[in-house]
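Please look over the sequence and the structure below before reading on. The briefing then goes through the chain topic by topic.

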Amino acid sequence: MLRKLSLKSEFAGFLVAGGLAALANVGSRMLFNRFASYPVAIVLAYLVGMITAFLLMRGQVFGVRAKRLGSEITAFVAREYWTLEAIL
């Protein structure tokens with residue numbers, strides 16, 4: 001029972017963090033669009049959203065794992081790149 005509650009709260013945290021990262025992505029794209037071309041604004045906003053997602057997921061949702069920060073960043077970026085490639 002306790003594990004189910006933990007998974008539910010982790011999932012809720014995941015949704016909130018993902019929503020905030022999406023807002024950071026969209027908001028930063030609007031800001032970047034003011035002084036950069038559309039393709040550049042998209043790439044910069046994607047980076048802002050990805051960094052925001054990583055920091056929120058690591059710090060607030062899943063917590064710091066035993067892995068080193070560098071390996072976590074590498075795994076996160078690889079996963080994000082694979083997702084982006086699948087979408088495009």
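The points below start with the whole chain and then turn to single helices and residues. The model is predicted. The chain contains 3 helices and 0 strands, and along the sequence these follow the pattern α-α-α.

**The chain as a whole**

- The chain has 88 residues, and 17% of them are buried.
- The accessible surface comes to about 6,700 Å², and carbon and sulfur atoms account for 71% of that surface.
- Taking contacts between residues at least 6 apart in sequence, 50% join residues at least 24 apart.

**Helix α2**

- Helix α2 covers residues 38-61 and has 24 residues.
- From the first C-alpha of α2 to the last, the helix reaches 32 Å; this is close to the 34 Å expected at 1.5 Å a residue.
- The buried residues in α2 include Ala-41, Ala-45, Gly-49 and Met-50. Ala-53, Phe-54, Met-57 and Val-61 are buried in α2 as well.

**A nonpolar surface patch**

- Val-40, Val-43, Leu-44, Leu-47, Ile-51 and Leu-55 make a nonpolar patch on the surface, with an area of about 510 Å².
- Leu-47, one of the patch residues, is found in helix α2.
- Leu-47 has a relative accessible area of 38%, so this residue counts as partly exposed. Residues in a patch must have over 30% relative accessible area, and Leu-47, at 38%, meets that cut-off.

**Ser-28 in helix α1**

- Helix α1 covers residues 2-33, and Ser-28 is found there.
- Is Ser-28 buried or exposed? Ser-28 counts as buried because its relative accessibility is 10%, and the limit for buried is under 20%.
- Leaving out residues up to four places away in sequence, Ser-28 touches Ala-45 and Val-48. Of these two contacts, Ala-45 is listed among the buried residues of α2.

**Glu-10 in helix α1**

- Glu-10 is also found in helix α1.
- The relative accessibility of Glu-10 is 28%, so Glu-10 counts as partly exposed.
- Which residues does Glu-10 contact, leaving aside its neighbours within four places in sequence? The contacts are Val-61 and Phe-62.
- Glu-10 and Val-61 are 51 residues apart along the chain, yet their C-alpha atoms are separated by 6.0 Å.

**Leu-56 in helix α2**

- Leu-56 is found in helix α2 and is partly exposed, with a relative accessible area of 23%.
- Not counting residues up to four places away in sequence, Leu-56 touches Ala-17, Leu-20 and Val-61.
- The C-alpha atoms of Leu-56 and Ala-21 are separated by 8.0 Å, while the two residues are 35 apart along the chain.
- Val-61 is a contact of Leu-56 and also a contact of Glu-10.

**An aromatic pair**

- How many aromatic pairs does a search of the whole structure find? The search finds 1.
- The pair is formed by Phe-32 and Phe-35 and is edge-to-face. The ring centres are 5.9 Å apart, and the angle between the planes is 90°.
- Phe-32 is buried, with a relative accessible area of 15%, whereas Phe-35 is exposed, with a relative accessible area of 60%.

Notes
Residues are numbered from 1 along each chain as its sequence is written. This is a predicted model: local features need pLDDT of at least 70, side-chain atom pairs count only at pLDDT 80 or more; totals for chains, interfaces and linings use all residues. Side-chain values use heavy atoms; hydrogens and water are left out. Patches are made of residues with over 30% relative accessible area and no salt bridge: like charges are joined within 9 Å, nonpolar side chains (Val, Leu, Ile, Met, Phe, Trp, Tyr) within 5 Å. Accessible areas come from the Shrake-Rupley method with a 1.4 Å probe; for residues, only the protein chains shown count as cover. A salt bridge is a side-chain nitrogen of Lys or Arg within 4 Å of a carboxyl oxygen of Asp or Glu. Helices (H or I, at least four residues) and strands (E, at least two) are DSSP runs, numbered from the N terminus. Buried means under 20% relative accessible area, exposed over 50%, partly exposed in between (1.4 Å probe, protein chains only). Contact means heavy atoms within 4.5 Å. The expected span of a helix is 1.5 Å times one less than its number of residues. Rings of Phe, Tyr and Trp (its six-membered ring) pair if their centres lie within 6.5 Å; planes under 30 degrees apart count as stacked, over 60 as edge-to-face and the rest as tilted.
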